[in-house]
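I am opening my notebook to write down what I looked up in this structure, going through one topic at a time.

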Amino acid sequence: MKRSEINALMRKATIFLREHQFHLPPFAFWTPEHWRSCGEACSDIVEQQLGWDITDFGSGDFAEVGLLLFTLRNGTFDELKKPLGKIYGEKLLIVEPGQITPTHFHTQKMEDIINRGGGNLIIQLWNSTPDAGLDDSPVTVSCDGVRRTLPAGGTLILHPGESVCLTQKLYHKFWGDPEAGTVLVGEVNRVNDDRIDNHFYEKVGRFPEIKEDETPLYLLTQDYPKYFNA
């Protein structure tokens, strides 16, 4: 992806979130210059991978296959080992109509996916086999406390206010309803590390290679090592 494309997506997302009265924390808007001056007090942001995460999954076409995320809070795998550790996280996702996030599951993360507003979110589901294939068995999930059973590869439509709980190793693929608007999605999850806890059914690139055709507007989480020196 070009840095200019990423910068434009950040500007567009900021306007969309403002329209929905969703406010990001201050570090979302720190410049690269500010990051160079940050000290050890800001290390949690880096260690917990908080902030902007924009990817086209290696497709070369973000509008068709891509996702914009912002991690608001997170713990670490070390926290999971503590009796009273920080074991939760929260993200927001912006999903465009027809824009696909490819089929994947998480090995240790459980997550609630919540339609916070805008259009409808469509989610396709499969159980996984022991060798990480797509199982043909029915899928049972909890939607706002109500159990629903779908055939393998069946789809849920989450309207604004609705949610689903996705358990570990449950394959899911999602996209915005092509007949509706952009979707503001919330995610409440167990501690997550996107570098090692995503298993995609088909090979994809989780973090994009970036062509630096202009200066970053704000940093992606993958940019932190270049700018954070503490």
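The entries below follow my reading of a predicted model, from the cysteines through the aromatic rings to the empty spaces and a few single residues.

**Entry: cysteines**

I began by asking how many disulfides a search of the whole structure finds. The search gives zero. I noted for myself that a disulfide is a covalent bond between the sulfur atoms of two cysteines. I then looked up Cys38, which is in no disulfide, and found that its nearest cysteine sulfur, that of Cys42, is 3.9 Å away. Read from the other side, the sulfur of Cys42 has its closest cysteine sulfur in Cys38, and the 3.9 Å between them is too far for a bond, because a disulfide needs the two sulfur atoms within 2.5 Å. I also checked whether these side chains face the outside: Cys38 counts as buried at 10% relative accessibility, and Cys42 is buried as well, with a relative accessible area of 15%.

**Entry: aromatic rings**

Next I turned to the rings, remembering that a pair of aromatic rings is described by the distance of the centres and the angle of the planes. The count comes to 11 aromatic pairs, and I wrote out two of them in detail.

In one pair, Trp35 and Phe228 meet edge-to-face, with 6.0 Å from centre to centre and 85 degrees between the planes. Trp35 belongs to helix α2 (residues 32–36) while Phe228 is in the segment after α5, so this pair ties together parts that are 193 residues apart in sequence. Both Trp35 and Phe228 are buried.

Which kind of pair do Trp52 and Phe70 make? Their ring centres are 5.3 Å apart and their planes stand at 90 degrees, so I put them down as edge-to-face. Here the parts tied together are strand β1 (residues 51–55), which holds Trp52, and strand β2 (residues 67–73), which holds Phe70, and they are 18 residues apart in sequence. Trp52 and Phe70 are both buried.

I then followed the ring pairs further and saw that they link Phe27, Phe29, Trp30, Trp35, Trp52, Phe70, Tyr218, Tyr224 and Phe228 into a cluster.

**Entry: cavities**

After the rings I looked for enclosed spaces, and the structure holds two cavities of 30 Å³ or more. The largest cavity has about 160 Å³ of space. Its lining is made by 19 residues, and the closest to its centre are Leu67, Leu69, His104, His106 and Asp194. Where does the largest share of this lining come from? Strand β4 supplies it, with three residues. Each of β2, β3 (88–95), β4, β5 (111–118), β11 and β13 (198–200) gives at least two residues to the lining. By class, I noted seven nonpolar, six polar and six charged residues around the largest cavity.

The second largest cavity has a volume of about 40 Å³. I listed its lining as Phe27, Ala28, Trp30, Trp35, Gly51, Trp52, Tyr218, Leu219 and Tyr224. By class these are eight nonpolar residues, one polar residue and no charged ones.

**Entry: the largest pocket**

For open spaces I looked up the largest pocket, in which about 250 Å³ of space lies. It is lined by 17 residues, with Val46, Gln49, Arg195, Thr221 and Gln222 closest to the centre. The elements that give two or more residues to this lining are α3 (43–47) and α5 (224–227). By class, the pocket lining has four nonpolar, seven polar and six charged residues.

**Entry: a residue in β4**

I picked out Thr101, which has its place in strand β4 (residues 100–106). At 2% relative accessibility, Thr101 counts as buried. Leaving aside neighbours within four places in sequence, Thr101 is in contact with Phe57, Gly66, Leu67, Lys173 and Phe174.

**Entry: positive phi values**

Last, I looked at backbone angles, keeping in mind that most residues other than glycine have a negative phi. Asp144 is not a glycine, yet its phi is positive, near 50 degrees. Asp144 lies in the loop between β7 (139–143) and β8 (146–150), and with a relative accessible area of 47% it is partly exposed.

Lys169 also has a positive phi, about 65 degrees, although it is not a glycine. I found Lys169 in the loop between β10 (163–166) and β11 (170–176). Is Lys169 buried or partly exposed? With a relative accessible area of 45%, Lys169 is partly exposed.

Conventions:
Residues numbered from 1 in each chain as written. Predicted model: local features only at pLDDT ≥ 70, side-chain atom pairs only at ≥ 80, totals over all residues. Heavy atoms only, no water. Buried < 20%, exposed > 50% of the residue type's maximum accessible area, 1.4 Å probe, protein only. Helix = DSSP H or I, 4+ residues; strand = E, 2+ residues; numbered from the N terminus. Contact = heavy atoms within 4.5 Å. 1 Å grid on protein atoms, 1.4 Å probe; cavity = no way out; pocket = protein on both sides within 12 Å on 5 of 7 lines; lining within 4 Å. Points joined across faces, edges and corners; volume = space filled by probe spheres on them. Nonpolar A, V, L, I, M, F, W, Y, C, P; charged D, E, K, R; others polar. Phe/Tyr/Trp six-rings, centres within 6.5 Å; stacked < 30°, edge-to-face > 60°.
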